[in-house]
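Here's a quick look at how some charged side chains pair up, and at what the interior has to offer. Have the model open as you read.

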Amino acid sequence: MPEVTAVCLSTTIQRTLTFSEVKIDHVNRSQHYVANASGKAVNTARVLNQLKKDFCQVVCPIGVNNKELFFQLKEKEPYKIITVEIPGNTRECWTLLDRKNSTTTEVIAGEPAIQADMSEYTLQLMQKIEESLEQTNALLLAGSRPEIWPKDLAARICALASKMGKTVMCDFWGDDLTETLQLCTPEIVKINEEEFCRTFGYAFPQPEEELAQLIAQQSLKFGNIFVITRGKDTTFAADNGKIYKAAIMQVKPVNTTGCGDSFSAGFLYSYMKDKNMEKALQQGTECAAKNAENELPGSIC
């Protein structure tokens, strides 16, 4: 049985294109490309299932207009993805990998707003999340909430999991996070430095020591864990106010897309085993580094 339910509200069809070099104002022809089902929680689920087979299952909405392509890509994923079909399109994005300059550029196509009553689809989604949580021990809710969904949806999902006694890990920010924290207390909040500062009204960027203290304050206030990733810089975390740090591993990057999602997977996988913060931060850091060395986003193999 799976251990984690991963919920992805921003499901994505992702194409990763590799170029010898990307030139602005030129026709750029890729050497090759790979397409996959994606989105923050989907990427995290992929890594969780690479760490342990069938460790995680995904619940996500998909647009009916391009559902055939999503289902085709879904078949490549060796784990369960539970879908709710909704009007419109699943969004698409393209990641451009420049081999010469070792750069990663992501291009996301924003879908037009759907003019539809989403109440029935919201009920379907909540029902499938609840059914999945009945089989698992934890919820991972990651990624942005498209405007088509109710503003309190993220909070409702987390509150449901909390009420069911599940470990809850959030990887989203802004109003959705503040509303969630008013309704329930996720055991783990994992976001990046800019998201943390913007959510809680701090200037960005912050000096390291001040940032660490601010993270500790929020962790102590809510009595939970805050993990703040900082790209190539040291990751800061706090557990009920106690500060932890994890240095980033230096690697030659191939594709940095999905590094944060891979970190989340490694952290959650380790934390669920023995709730050891130092081990969890270490495994999260290792997974992020391995992801950067892979072409496929959200992959450590």
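## A buried pair

Asp171 and Lys190 are both buried. This is a predicted model, and in it their side chains meet in a salt bridge, at 3.4 Å from N to O. Asp171 sits in strand S9 (residues 167-171) and Lys190 in strand S10 (residues 188-192), so the bridge ties together parts that are 19 residues apart in sequence.

## Two helices, far apart in sequence

Lys40 and Asp261 also join their side chains in a salt bridge, here at 2.7 Å from N to O. That pair links distant parts of the chain: Lys40 belongs to helix H1 (residues 40-51) and Asp261 to helix H8 (residues 259-274), 221 residues apart. Asp261 is buried, at 5% relative accessible area, while Lys40 counts as partly exposed at 30%.

## A partly exposed pair, and the network

Then there's Lys245 with Glu209, a salt bridge whose closest N and O atoms are 3.5 Å apart. Lys245 is in strand S13 (residues 242-246) and Glu209 in helix H7 (residues 208-222), so parts that are 36 residues apart in sequence get tied together. Lys40, Asp171, Lys190 and Asp261, for their part, are joined into one network by salt bridges that share partners. The whole structure holds 17 salt bridges.

## The cavity

How many cavities of 30 Å³ or more are there? The count comes to 1, and the largest cavity has a volume of about 30 Å³. Its lining includes Leu9, Phe172 and Asp176. By class, that lining has 4 nonpolar, 2 polar and 2 charged residues.

How values were computed:
Residues numbered from 1 in each chain as written. Predicted model: local features only at pLDDT ≥ 70, side-chain atom pairs only at ≥ 80, totals over all residues. Heavy atoms only, no water. 1 Å grid on protein atoms, 1.4 Å probe; cavity = no way out; pocket = protein on both sides within 12 Å on 5 of 7 lines; lining within 4 Å. Points joined across faces, edges and corners; volume = space filled by probe spheres on them. Nonpolar A, V, L, I, M, F, W, Y, C, P; charged D, E, K, R; others polar. Salt bridge = Lys/Arg side-chain N within 4 Å of Asp/Glu carboxyl O. Helix = DSSP H or I, 4+ residues; strand = E, 2+ residues; numbered from the N terminus. Buried < 20%, exposed > 50% of the residue type's maximum accessible area, 1.4 Å probe, protein only.
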